[in-house]
Amino acid sequence: EALSRVEIGNVIHRQSTCVMVAGTIPEPVFDETYVSLSDLSMLTGMHSNLLANRWLFQYLTQLLDRSMLGYLAGNAAALNRPISLNLNIATILSPEFQRFNDSLPPRLRPTLVIEFNKLDVFADMGAFLFVRDYLRERGFRLCLDGLNHLTAPYYDRQKLGFDLIKIHWSPDSLNSAHAEIFPVMQQ
């Protein structure tokens with residue numbers, strides 16, 4: 001009920017996602033567009049930990065995904081530069097995503113990256129494979145999210161059909177036993 005009263009545009013934030021190439025400074029490639037849970041908690045008066053229950057959080061993110069898609073479909077200016085959206089697989093199968101997709105000029109689709117959390121991908125591999133093919137046919141790029149320097153070596157980006165993987169950076173990345181796998185991170 002509280003979520004229905006929130007103007008979603010007030011809690012949408014952007015943060016740069018960068019590529020790192022040896023010998024150069026990190027370069028922004030797109031902005032991740034997301035709902036700030038702390039802002040959402042403040043505006044709704046929900047002062048509980050929204051991450052405490054994984055399944056409640058999953059349901060909540062599906063509601064937020066659909067609200068964000070509606071907002072973006074009506075705000076073409078929000079799509080004026082490359083962005084990524086971290087969405088649930090169930091969201092891609094929703095009417096809200098279909099409306100969002102229909103509102104996009106085809107030239108914008110290759111500038112959009114759809115991110116999926118690794119847990120969502122492996123929770124229902126059949127649904128993921130269907131959604132992956134559906135999005136690729138329409139020109140979207142795909143990113144596997146939820147990895148770090150320890151877990152990334154265990155995922156085959158190409159076999160899974162992802163264009164990108166997103167590794168959450170931490171200072172431990174440089175000191176890891178797996179640092180030799182990602183020599184670009186040693187700068």
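1. Two strands are taken to pair if DSSP finds at least two bridges between them. In this predicted model, strand β1 (residues 12-19) and strand β2 (residues 27-35) meet that condition with eight bridges, in the antiparallel sense. Val-19 has Glu-27 of β2 as its bridge partner.

2. Strand β2 also pairs with β3, here in the parallel sense and over three bridges. In this part of the structure, Glu-32 stands opposite Ser-84 of β3. Ser-84 recurs in the next point.

3. Which side chains make polar contacts with the side chain of Glu-115? The side chain of Ser-84 does so at 2.6 Å, and that of Lys-166 at 2.7 Å. Glu-115 lies in strand β4 and counts as buried because its relative accessibility is 0%, where buried means under 20%. Beyond its neighbours within four places in sequence, Glu-115 is in contact with a set of residues including Phe-30, Glu-32, Leu-85, Cys-143 and Asp-145.

4. A second buried polar residue is Gln-58, in helix α2. Its relative accessible area is 12%, so Gln-58 falls under the 20% limit for buried residues. The side chains of Gln-58 and Asn-88 are joined by a polar contact of 2.6 Å. With residues up to four places away in sequence not counted, Gln-58 touches Asn-88 and Asp-120.

5. Helix α4 (residues 95-103) has Phe-97, Phe-100 and Asn-101 buried. These three residues lie on the same side of α4, because they cover an arc of only 100° around the axis. An α-helix has 3.6 residues a turn, so residues three or four places apart point the same way. On the other side of α4, Arg-99 and Asp-102 are exposed.

6. Against which elements do the buried residues of α4 pack? Their partners are α2 (54-73), β3 (83-86), α3 (89-92), β4 (112-117) and α6 (125-137).

7. The model contains six aromatic pairs, counted where ring centres lie within 6.5 Å. In the pair of Phe-97 and Phe-140, the centres are 5.9 Å apart and the planes stand at 50°, so this pair is classed as tilted. Distant parts of the chain are linked here: Phe-97 belongs to helix α4, whereas Phe-140 sits in the loop between α6 and β5 (141-147), 43 residues apart. Both Phe-97 and Phe-140 are buried.

8. Phe-116 and Phe-128 form an edge-to-face pair, with 6.2 Å from centre to centre and 85° between the planes. This pair, too, links distant parts of the chain, with Phe-116 in strand β4 and Phe-128 in helix α6, 12 residues apart. Phe-116 and Phe-128 are buried.

9. One aromatic cluster is formed by Phe-97, Phe-100, Tyr-134 and Phe-140. The cluster thus includes Phe-97 and Phe-100, which are among the buried residues of α4.

10. In soluble globular proteins, nonpolar side chains tend to be buried together. The largest nonpolar core of this model has 38 residues, of which Leu-85, Ile-92, Phe-97, Phe-100, Ile-114, Phe-116 and Leu-135 touch the most other members. Two or more residues of this core come from each of α2, β3, α3, α4, β4, α6 and β5. Phe-97 is therefore both one of the residues that touch the most other core members and part of a tilted aromatic pair.

Definitions and conventions: Residues numbered from 1 in each chain as written. Predicted model: local features only at pLDDT ≥ 70, side-chain atom pairs only at ≥ 80, totals over all residues. Heavy atoms only, no water. Buried < 20%, exposed > 50% of the residue type's maximum accessible area, 1.4 Å probe, protein only. Helix = DSSP H or I, 4+ residues; strand = E, 2+ residues; numbered from the N terminus. Arc of directions from axis to C-beta. Contact = heavy atoms within 4.5 Å. Phe/Tyr/Trp six-rings, centres within 6.5 Å; stacked < 30°, edge-to-face > 60°. Core = buried A, V, L, I, M, F, W, Y, C linked by side-chain atoms within 4.5 Å. Polar contact = N/O pair within 3.5 Å; in protein donor to acceptor, adjacent residues only side chain to side chain.
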